[in-house]
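Here is a short report for a reader new to this structure. Please look at the model, then read on.

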Amino acid sequence: MKRILVTGGAGFIGSHLCEKLVSEGNDVICLDNFYTGSKENVWHLLGEHNFEIVRHDVCQPYWAEVDEIYNLACPASPVYYQNDPIQTTKTSVFGAYHMLGLARRTKCKILQTSTSEVYGDPAVHPQPESYWGNVNTIGIRSCYDEGKRCAETMFFDYHRLHGVRIKVIRIFNTYGPRMAANDGRVVSNFIMQALRGEDITIYGDGTQTRSFQYVSDLIDGMTRMMASDDDFLGPVNIGNPGEFTMLELAEKVIAMTGSKSKIIFRPLPSDDPKKRRPDISLAKEKLDWEPKVKLDEGLAKTIEYFKTKI
């Protein structure tokens, strides 16, 4: 049994990670300030003897004796991270700083959940880890993009200067149960609009692409990365290379929900990437990992979840 700290543990992804770690018999501390996380996401774990939840903001130091840290704390959807961009940057940077300090003191291993947003609006497709990205440093998405890029820098500097045992993954678009219905992400937006019979809103002409990864595949990739040899630091892409246009996704959601929703188009937001698809060659080689859940299967499970929220 390990004592594991999960920051952002009451969020969409964090709650699934906590669930897996608890089921494996680990002693799990879920740290969250509930800005975007929800107690409802981890309510079913509260009766477990090896799970505890702590309200805390990672912008402030936190002390505990732990064997591993998964650092997930940060708003991850544009609606939330653009609502308070300064706090978003602080969460990424100060959160990384404080968790790295804790990892250095306890000599534990720490995993940073970075993001495909570090690639910006990519000029290379698909995106390998060696690509440095094409990011607007002063745009409306920069608080998230640059905050995560700075956190990666700090992780590698702590490793080089202090020998901290780090792991860095770059998460591509992920969906599944426990997504917030109003978080502004395309999968949750389309499903909720379709279930309500509302017009489905596509920003741009619908030809921009994304790759959609079901949450269970991501959790598998995260835990494999944490368990990998210490000499493999990352960064490593964790995402599904299946690529779909926004129009294809909207049409699929309409068909799977049996909705009579119409598709309408709105102007594309500033700095919205035109293409996004991971090169997962490194994850296959180093982690023996690749996604297993097809889009139709994952969407069906996610639609059933959102039906309970209508």
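## Salt bridges

Arg149 and Glu146 join their side chains in a salt bridge, 3.2 Å from N to O. A salt bridge here is a side-chain nitrogen of Lys or Arg within 4 Å of a carboxyl oxygen of Asp or Glu. This is a predicted model, where local features need pLDDT of at least 70, side-chain atom pairs count only at pLDDT 80 or more, and totals for chains, interfaces and linings use all residues. Residues are numbered from 1 along each chain as its sequence is written, and side-chain values use heavy atoms, with hydrogens and water left out.

Arg149 and Glu146 sit 3 residues apart in helix H5, so about one helical turn separates them. Helices (H or I, at least four residues) and strands (E, at least two) are DSSP runs, numbered from the N terminus. Arg149 is partly exposed, at 28% relative accessible area. Glu146 is partly exposed too, at 25%. Buried means under 20% relative accessible area, exposed means over 50%, and partly exposed lies in between (1.4 Å probe, protein chains only).

The salt bridge rule gives a count of 21. Among them is the pair of Arg276 and Glu117, whose closest N and O atoms are 3.3 Å apart. Arg276 lies in the loop between S13 and H9, and Glu117 in the loop between S5 and H5, so the pair ties together parts 159 residues apart in sequence. Arg276 is buried, with 0% relative accessible area. Glu117 is buried at 11%.

The table lists the three pairs described by distance.

| Pair | N to O distance | Relative accessible areas |
|---|---|---|
| Arg149 and Glu146 | 3.2 Å | 28% and 25% |
| Arg276 and Glu117 | 3.3 Å | 0% and 11% |
| Glu290 and Lys284 | 3.8 Å | 42% and 43% |

Salt bridges also link Arg3, Asp27 and Glu52 in a network.

## A pocket

Arg149 appears again in the lining of the second largest pocket, as do Tyr131, Trp132 and Glu152, among others. On a 1 Å grid over the protein atoms alone, a pocket is an open set of points with protein on both sides within 12 Å along at least five of seven lines, and lining residues have an atom within 4 Å of a point. The second largest pocket holds about 160 Å³ of space. That volume is the space filled by probe spheres set on the points, which are joined across faces, edges and corners. Its lining has 4 nonpolar, 2 polar and 4 charged residues. Ala, Val, Leu, Ile, Met, Phe, Trp, Tyr, Cys and Pro count as nonpolar, Asp, Glu, Lys and Arg as charged, and the others, Gly among them, as polar.

## Backbone

Most residues other than glycine have a negative phi, and most peptide bonds are trans. Which bonds here are cis? One joins His125 and Pro126, with omega about -10°. Another joins Gly234 and Pro235, with omega about 0°. Pro126 lies in the loop between strand S5 (109-115) and helix H5 (142-162). Pro235 is in the loop between helix H7 (215-227) and strand S11 (236-238).

Lys107 is not a glycine, yet its phi is positive, about 60°. Lys107 is in the loop between helix H4 (85-106) and S5, and is exposed at 65% relative accessibility. Arg178 also has a positive phi, near 80°. Arg178 sits in the loop between strand S7 (174-175) and helix H6 (186-196), and is buried at 16%.

Methods: On a 1 Å grid over the protein atoms alone, a cavity is a set of points where a 1.4 Å probe fits but cannot get out, and a pocket is an open set with protein on both sides within 12 Å along at least five of seven lines; lining residues have an atom within 4 Å of a point.
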